[in-house]
Every structure is written in C-alpha cells, then in structure tokens.
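This report describes one protein chain for a reader who has not seen it before. Please look over the sequence and the structure first.

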Amino acid sequence: MRILVIGAGMYVTGRNGTGPGVVLSSLAETSKRIPIQEVVVCTKHEENHSTVKAAAARINQLLGSDLGVRHIAISGSPTDAVRNLWNENPFDCAIVAVPDHLHYSYTKALLEQKVHCLVVKPLTPSLREAMELVRIQKKNRLYGAVEFHKRLDETNLYLKKALYEKKIGKVLYFNVQYSQRIGIPSSVFKNWAEQTNIFQYLGVHYVDLIYFLTGFAPVKAMAVGTFGVLRDMGIHTPDAVHAVIRWRDPVKKEEEFVSHFSTNWVDPENTSALSDQRIWVVGTRGRLSCDQKNRGLELVSEETGIQTVNPYFAEYLPSPDGATAFSGYGHKSINRFVADVQDIMAGKTPPEKLEESHPSFKQALVSTAVVEAVNQSLENGFSWRDVDDSFAG
C-alpha cells in the first residue's frame with residue numbers, strides 16, 4: 001500500500017515539540033501489521049524535507065519500525081499538484097492534514113483521481129463544499145472519512161453507553177469547555193489563524209461527538225466571539241467563541257436539548273496540557289461529567305514543570321514483549337482508516353457499508369452545517385441562525 005500525506009505540520013510530524021507526530025507515528029505502528037510500501041509527505045516548501053526526514057527517523061527508531069517515508073515539494077494549484085503526483089506514481093489512499101481553508105481543494109483533487117481520503121477536522125468550513133465532496137466520493141465509489149478520533153475515546157464510548165441505557169433519563173443539555181495554549185494561533189498556526197476560529201478548528205470535535213452520542217440533529221445555532229489578546233498581536237480572530245446549539249430528535253421531533261460551548265485558544269503556555277477539555281451531560285434523572293484533561297496522571301519534573309498526561313490519546317508505550325508501540329485513540333483512528341482501505345481494496349468491504357458506522361464524509365455534513373451556522377452568527381451580530389439541513393433529504 002502506498003499512502004500520500006498532504007501537509008507536514010504538528011499533527012503529522014510533531015514539529016516544534018508539539019507532540020509525537022500522530023499521523024506518521026500511527027502509520028509506522030500500522031506498518032507492523034499492514035504492508036505499507038511507502039509514505040510520501042507533500043508540502044509546498046522544500047525546507048520541510050529535513051523536518052519530515054528527522055521525524056521519520058525518530059519514529060522508526062522509537063518503534064522499531066521500517067516505514068519508508070519520502071518528502072516531495074509540490075507547486076501549482078491543488079488540482080495540478082495532485083495530478084502531477086499521480087502521473088509519477090499512483091497512491092492507494094491519502095491523508096489530508098492542511099489548514100482548514102485548503103481541505104476542500106486538495107480533497108476534491110484527490111477524489112477526482114479516485115483515491116480514498118482521510119481528512120483532519122473539520123471536513124470543510126462550508127456545507128456547499130462538503131456536499132460537493134460527498135457527491136464526487138459517491139460518484140467514484142470511494143471511502144471518505146474525517147479524523148474524528150474522539151469517537152474512539154473509551155470515556156466517550158462510556159458516555160454513549162450510559163445515554164443509550166437511559167442512565168440519566170432524557171438529555172436536557174450538554175456543556176463543553178475546550179481550550180488550547182495561545183502558542184497554537186500565535187505561533188504554530190500564525191500564518192492561517194485568521195482564516196479559521198477556535199470553534200471551527202477545535203470545537204467541531206465535540207459537535208461531532210454530540211451527534212455520535214445521541215443521533216440528534218442540530219436545528220439552530222448562535223455564537224458570540226470575544227476579542228482582545230490575539231487582536232492586539234495583529235491576529236484578527238476571536239480569542240474565544242461561545243456557542244449555543246439546539247438539537248432535535250429526528251424521529252421524536254418533540255424531544256430537544258441544548259448544548260453550550262465555551263472554547264478559547266489563549267490559555268497560557270505554562271498550562272499543564274496543550275488542551276483543557278471537559279464535558280457535562282445533564283439529564284432528567286442524573287448527570288454525566290467527564291474531565292478529559294485530568295486522566296489521573298501527572299508528571300512533575302525540573303525540565304518541563306507540571307504536566308497533566310493523557311496516555312490514552314496518542315503515546316509511545318512499552319508492549320508486553322518489551323518493545324515500544326504507538327497506541328491510543330488517536331492512533332486507532334488512523335489505523336482504522338488504513339485497515340478499512342485495505343478491506344475495500346481486497347473486496348471485503350464496499351465503501352457504502354462504512355458510511356453509517358464510521359465518521360464518514362456523509363456523517364461529517366452534520367458538524368460542517370453547525371460550523372457554518374456558527375460562523376454566520378459570528379459575522380451577523382451574534383444572531384440565531386438555522387442550521388442548514390438540506391443534506392438530510
């Protein structure tokens with residue numbers, strides 16, 4: 001299997017000390033069980049060559065893997081760049097890990113070359129773009145998925161089980177608190193932070209999660225942005241986005257609940273984790289509360305200070321035989337996509353079979369519609385906006 005990765009940022013390589021490099025680490029771990037002939041990482045800039053090379057060497061050494069990783073600098077439009085790559089040597093699947101506003105153009109170009117795609121969240125900023133990707137994907141009988149790894153977090157699976165068993169009665173409301181360090185918009189994503197916002201980039205994870213947990217459909221959304229720190233730095237995007245979303249049971253239309261989101265990306269750099277995240281679910285007969293940062297593991301060292309560690313997301317851990325393995329729900333998400341593509345190529349699974357049970361492009365239309373409504377509210381005086389459900393027909 002040959003895999004194309006578009007982008008070489010923190011989620012791919014772990015550059016600038018931002019983490020393990022989930023994408024390349026996951027592919028290296030997966031290559032121990034599924035034959036991966038080569039991974040080609042493509043970026044616009046030749047200087048990313050050393051970053052990709054160093055990340056691949058570090059990861060292979062840690063995991064005892066032998067994943068072949070090559071960097072290619074591409075030029076021209078996404079359509080021309082992808083076509084040129086395919087003329088050189090076709091790929092079996094692709095992982096798109098570029099800034100939000102580029103998701104549509106690169107994914108469209110890949111789908112037109114008849115390649116299965118995994119896209120980091122959000123699928124696209126607009127519903128029109130997302131629906132066009134679904135149209136091309138279905139036309140070419142491809143598998144398209146969004147990397148919504150929170151669906152595989154065991155704590156969230158427990159939430160789903162408890163809600164299914166009516167442990168807290170009928171849901172009244174969700175409360176989501178989600179924040180990241182200021183270095184993300186001010187340094188790591190500085191070149192494109194103004195073309196997104198914290199709700200679109202990060203809050204979308206929990207929009208998808210609420211849909212996954214309940215099956216309810218979003219109806220209306222309203223959002224307020226607060227400004228100050230980033231604008232003073234010359235970065236014109238909200239420090240925080242506060243959103244309210246109404247959800248409705250698509251079958252029992254009289255049943256509704258509300259979700260409240262408080263998201264920011266101006267946490268201090270010395271906070272104990274990159275992300276601080278909590279979710280509450282309040283029902284008619286009880287409450288579920290989950291601190292998804294404090295997993296009970298804390299590291300204090302002279303070198304790094306206090307760190308709240310989440311080894312369940314993505315971490316290098318010793319396996320029973322003493323070797324190091326990359327594990328966690330972040331890894332499971334990428335590994336599952338590669339395994340699904342392998343099954344599709346072998347004729348074991350038709351792409352259509354995955355659409356209802358996996359975080360497919362089709363399912364991602366729900367979170368994309370909410371992102372679009374929230375952005376419209378932010379741009380139009382914080383007014384209530386209907387969530388476009390045209391895709392549901």
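What span should the 17 residues of helix 9 have at 1.5 Å a residue? The expected span is 24 Å, and the end C-alpha atoms of helix 9 (residues 198-214) are 24 Å apart, which agrees. The expected span of a helix is defined as 1.5 Å times one less than its number of residues. Helices (H or I, at least four residues) and strands (E, at least two) are DSSP runs, numbered from the N terminus.

The model is predicted: local features need pLDDT of at least 70, side-chain atom pairs count only at pLDDT 80 or more, and totals for chains, interfaces and linings use all residues. Residues are numbered from 1 along each chain as its sequence is written, and side-chain values use heavy atoms, with hydrogens and water left out.

**The chain**

The protein chain has 12 helices and 17 strands. Its radius of gyration is 20 Å, close to the 21 Å that the globule rule gives for 393 residues, so the chain is as compact as a globular protein of that length. Here the radius is taken over C-alpha atoms, and the rule is 2.2 Å times the number of residues to the power 0.38. Of the 393 residues, 55% are buried; buried means under 20% relative accessible area, exposed over 50%, and partly exposed in between (1.4 Å probe, protein chains only).

**Two helices**

| Helix | Expected span | C-alpha end-to-end distance |
|---|---|---|
| Helix 9 (residues 198-214) | 24 Å | 24 Å |
| Helix 6 (residues 127-139) | 18 Å | 18 Å |

Helix 9 is largely enclosed by the rest of the structure, because 15 of its 17 residues are buried. Just after helix 9 comes Gly 215, with a positive phi of about 75°.

In helix 6, the buried residues include Leu 127, Ala 130, Leu 133 and Val 134. The buried residues of helix 6 pack against helix 5 (103-112), strand 6 (144-146) and helix 12 (361-379). Contact means heavy atoms within 4.5 Å. Arg 141 follows helix 6 and has a positive phi, near 50°.

**Glu 315**

Glu 315 lies in strand 15 (residues 315-318). Is Glu 315 buried or partly exposed? Glu 315 is partly exposed, with a relative accessible area of 27%. Apart from neighbours within four places in sequence, Glu 315 is in contact with Ala 325, Phe 326 and Ser 327. His 331 is 16 residues from Glu 315 in sequence, and their C-alpha atoms are 8.7 Å apart.
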